[in-house]
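Subject: Structure handover

Hello,

Please find the structure below. Notes on its cavities and ring contacts follow.

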Amino acid sequence: MPKVCFRCDASPAIGMAHVLRCVALAEVLAEMEWDVVFACSRDTHATVPYIAAMGFDVLPLDVMAQDEPAALGARWAKGCDLLVIDHYGRDAEFERACRLWARHILVFDDLADRPHDADLLLDPTLGRTADHYAGLVPSGCRLLLGPRYALLRSNFVNVCSTAPARRAEHRSVDRILVSLGTNNPFNSTELALDSLKLAGIDAEIDVILGPHTVGQSELLRRAARMQQKVNIHTDSRSVAPVMARADLAIAAASVTSWERCYFGLPTIAVLTSENMRFFARQMAEQDIVMLVEHGREDITQQIARRLRDLAASPSLLARLREAASSVCDGLGLVRLLNVLAPVCARDGKPVLLRPVEAVDAPLVGAWLSDPRLPPLSRVAGGVAAWLDLRLSDPASRLMMIIHGDRPGGLVRLDRREDGGEASHEVSLFIAPDSGGLGLGRAVLHLVRRVLPGVEIRAPMMFNTLASHALFRQAGFVASSGYYRRLSRLPAGRYNH
């Protein structure tokens with residue numbers, strides 16, 4: 001069983017973003033039967049109490065940074081296969097000190113402002129390139145850069161958002177999300193509520209706070225005096241459905257922006273931390289957010305003006321929604337896992353997934369029109385209409401199977417609701433020239449990485465023994481006309 005140790009911190013002062021990003025990876029590695037442990041400051045346990053509740057072994061650190069490597073080695077004497085560091089206060093000196101104990105090191109960074117001694121470095125910042133890390137990492141360090149590597153927690157990916165489609169039809173702003181960080185810098189949450197009052201927009205308001213947000217009592221009193229209905233949420237695990245219902249957000253420019261992008265949520269982004277300036281301005285320059293900054297003019301006036309502009313302009317809302325949706329497809333975690341523990345076909349070539357795009361229509365058409373196959377494309381308008389229908393369906397995800405460097409088929413995931421419990425129905429299509437390579441089994445493994453902890457099922461309507469054998473060999477169990485799977489992923493092995 002491989003061991004992974006996460007070194008990250010959270011507190012009312014620094015917020016929870018680092019820990020939540022680590023939890024996204026930890027959840028899936030735990031599903032893959034890795035031994036997951038955390039090493040965090042004592043403040044972290046109060047700020048994010050559910051780390052321990054998830055069953056992970058946690059080492060509370062109360063020593064100086066230079067003494068932490070020795071503390072890690074004393075707690076887990078056999079070392080770890082992978083050390084994941086997500087901490088702006090740790091650099092190459094700390095990482096080198098961990099080398100005797102950690103066999104491989106993965107660093108999460110967003111700043112490109114300090115040296116690292118890492119095997120892998122992940123920075124999802126928009127516009128980030130290898131040049132930003134020139135001279136800051138060893139020559140053998142593999143860089144995973146840009147939003148395609150943004151890590152989302154499973155409760156976001158598993159919520160199949162109908163929000164983008166709903167917002168495309170619903171042109172008014174009836175529900176606004178306010179999420180300005182658990183540490184409430186510059187009293188930004190209070191200022192946002194003042195802006196909403198000044199803008200005079202009649203919308204229901206959802207405010208996200210941490211369990212120990214600074215000034216929470218005053219915020220609750222202020223919310224109670226608002227003319228609009230204000231809902232206060234303090235459990236970060238409940239954010240995903242709240243975000244999916246929102247028409248607009250006032251939120252901090254931070255790494256949690258990728259969650260809003262995944263939901264296609266138009267956002268007024270407030271620069272609450274100087275170290276996020278590059279990130280925020282890159283997002284604003286590409287019309288992904290509308291940026292406001294402290295010090296330029298009264299922040300309340302800035303936000304109120306943006307609110308009025310957006311409420312009055314459905315086309316502006318649509319532009320932000322489409323730009324946001326285009327930069328984050330929710331597969332960043334899968335791409336990282338493809339590096340850490342790749343899934344391969346029988347010929348040894350890696351098997352990957354990516355979203356199907358409109359430009360894939362000719363290839364998909366050629367596949368589905370093959371006379372050797374069942375008439376899968378018999379819908380009004382042919383393959384183009386079928387593909388357009390699938391790409392626009394918010395309850396469906398259509399992905400291209402990539403074998404090595406070439407397309408090898410399609411996989412579709414359709415969300416289903418059964419008595420309040422969500423499951424996803426999987427459909428596989430392997431290209432005629434890619435048969436016999438074990439792509440089906442590899443793809444079923446990857447699908448479980450896309451949707452960790454969620455039931456995956458397939459209707460038992462196959463007409464070949466091979467299809468039945470595929471699902472049985474992948475650990476699916478026959479039940480009520482379906483093959484079903486909800487169990488831990490097979491263990492992966494770190495492969496750098």
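Two terms come up in the cavity notes: a residue lines a cavity if it has an atom within 4 Å of one of the cavity's grid points, and helices such as α1 are DSSP runs (H or I) of at least four residues, numbered from the N terminus. Please keep in mind that this is a predicted model.

Cavities

The structure contains four cavities of 30 Å³ or more. The largest cavity encloses about 110 Å³. It is lined by 13 residues, and those closest to its centre are Ala17, Arg21, Leu151, Val255 and Glu259. Two elements, α1 (17-31) and α11 (257-262), give two or more residues to this lining. The largest share is that of α1, with four residues. Sorted by class, the lining of the largest cavity has nine nonpolar, three charged and one polar residues.

Aromatic rings

Nine aromatic pairs turn up in a search of the whole structure. In one of them, Phe156 and Phe263, the ring centres are 5.8 Å apart and the planes meet at 50°, so the pair counts as tilted. Phe156 belongs to helix α6 (residues 154-157), while Phe263 lies in the loop between α11 and β12 (267-271); 107 residues separate the two. Phe156 has 0% relative accessibility and is therefore buried. Phe263, also at 0%, is buried. Elsewhere, ring pairs join Phe6, Phe38 and Phe56 into a cluster.

Charges over rings

The charged end of Arg90 sits over the ring of Phe94, 5.6 Å from the ring centre. For Arg457 over the ring of Tyr482, the distance to the centre is 4.2 Å.

Regards

Methods. Residues numbered from 1 in each chain as written. Predicted model: local features only at pLDDT ≥ 70, side-chain atom pairs only at ≥ 80, totals over all residues. Heavy atoms only, no water. 1 Å grid on protein atoms, 1.4 Å probe; cavity = no way out; pocket = protein on both sides within 12 Å on 5 of 7 lines; lining within 4 Å. Points joined across faces, edges and corners; volume = space filled by probe spheres on them. Nonpolar A, V, L, I, M, F, W, Y, C, P; charged D, E, K, R; others polar. Phe/Tyr/Trp six-rings, centres within 6.5 Å; stacked < 30°, edge-to-face > 60°. Buried < 20%, exposed > 50% of the residue type's maximum accessible area, 1.4 Å probe, protein only. Lys NZ or Arg CZ within 6 Å of the ring centre and 35° of its normal.
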